[in-house]
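Reader: I am new to this structure and would be grateful for a close look at a single part of it. Please choose one helix and explain how its charged side chains are arranged.

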Amino acid sequence: MCRCAEQDGSRIDGSVRGRGYQAAMRLPLVALMLLPLAGCVGSPAEGPMDFWRNVTGDPLQGRLPPPGMDSKEYPNLASVPPAPARGAASAREELSRALMEARTQSNQPLVPGSPVPPP
């Protein structure tokens, strides 16, 4: 077999596979790899470029930083206030009864044409 026929990119069977063929095959492969990125947008109004800017840039442009971001110290967990006092037992029982009534009302289907119960 002669090597001179393979130097110009042609093969013995007559097909040509040179650099142009390889580049043409890379383009669909790159497109297939980038296709899933089209679904990586937060909202329908946000396009892929907006998404890319939010990922790589500063998404909080023009906004003030959250409070405490400028301090380098961790918060002191000893400064957490104590848990609030529990209410009276009668108030808790009243709340539990009201929640039970609401649950039983939600299990009953509404009849068409009947008045809607108060919230």
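Author: The following account turns from the whole chain to helix α4 and its salt bridges.

The model is a predicted one. Its protein chain contains four helices and zero strands, and these follow one another along the sequence in the pattern α-α-α-α. Of the 119 residues in the chain, 3% count as buried. The accessible surface amounts to about 11500 Å², and carbon and sulfur atoms account for 63% of that area.

Confidence should be considered before any detail is read. The mean pLDDT of the protein chain is 75, and 71% of the residues score at least 70. Among the elements of the chain, helix α4 has the highest mean pLDDT, 93, whereas helix α1, residues 4–7, has the lowest, 50. Where pLDDT is low, predicted coordinates should not be read in detail. Helix α4 is therefore the part chosen here, having the highest mean value among the elements.

Helix α4 spans residues 89–107, and the loop between α3 (48–56) and α4 contains N76. This loop residue is exposed, its relative accessible area being 52%. A polar atom of the N76 side chain lies 3.0 Å from the backbone nitrogen of A78.

Within the helix itself, the charged side chains are the matter of interest. Side chains of opposite charge can pair when their charged atoms come close. The count of salt bridges comes to two. One of them joins the side chains of E94 and R97, with a distance of 2.5 Å from N to O. E94 and R97 stand three residues apart in helix α4, so about one helical turn separates them. The other salt bridge joins R97 to E101, again through their side chains and with an N to O distance of 2.5 Å. R97 and E101 also both belong to helix α4, where they are four residues apart, about one turn of the helix.

R97 thus takes part in the bridge with E94 and in the bridge with E101. Together, E94, R97 and E101 form a linked network of salt bridges.

The accessibility of these residues completes the picture. E94 has a relative accessible area of 42% and is partly exposed. R97 is likewise partly exposed, at 40% relative accessibility. For E101 the relative accessible area is 40%, so this residue too counts as partly exposed, a class that lies between the buried limit of 20% and the exposed limit of 50%.

How values were computed:
Residues numbered from 1 in each chain as written. Predicted model: local features only at pLDDT ≥ 70, side-chain atom pairs only at ≥ 80, totals over all residues. Heavy atoms only, no water. Helix = DSSP H or I, 4+ residues; strand = E, 2+ residues; numbered from the N terminus. Buried < 20%, exposed > 50% of the residue type's maximum accessible area, 1.4 Å probe, protein only. Areas by Shrake-Rupley, 256 points an atom, 1.4 Å probe, with all protein chains shown as cover. Polar contact = N/O pair within 3.5 Å; in protein donor to acceptor, adjacent residues only side chain to side chain. pLDDT = per-residue confidence, 0-100. Salt bridge = Lys/Arg side-chain N within 4 Å of Asp/Glu carboxyl O.
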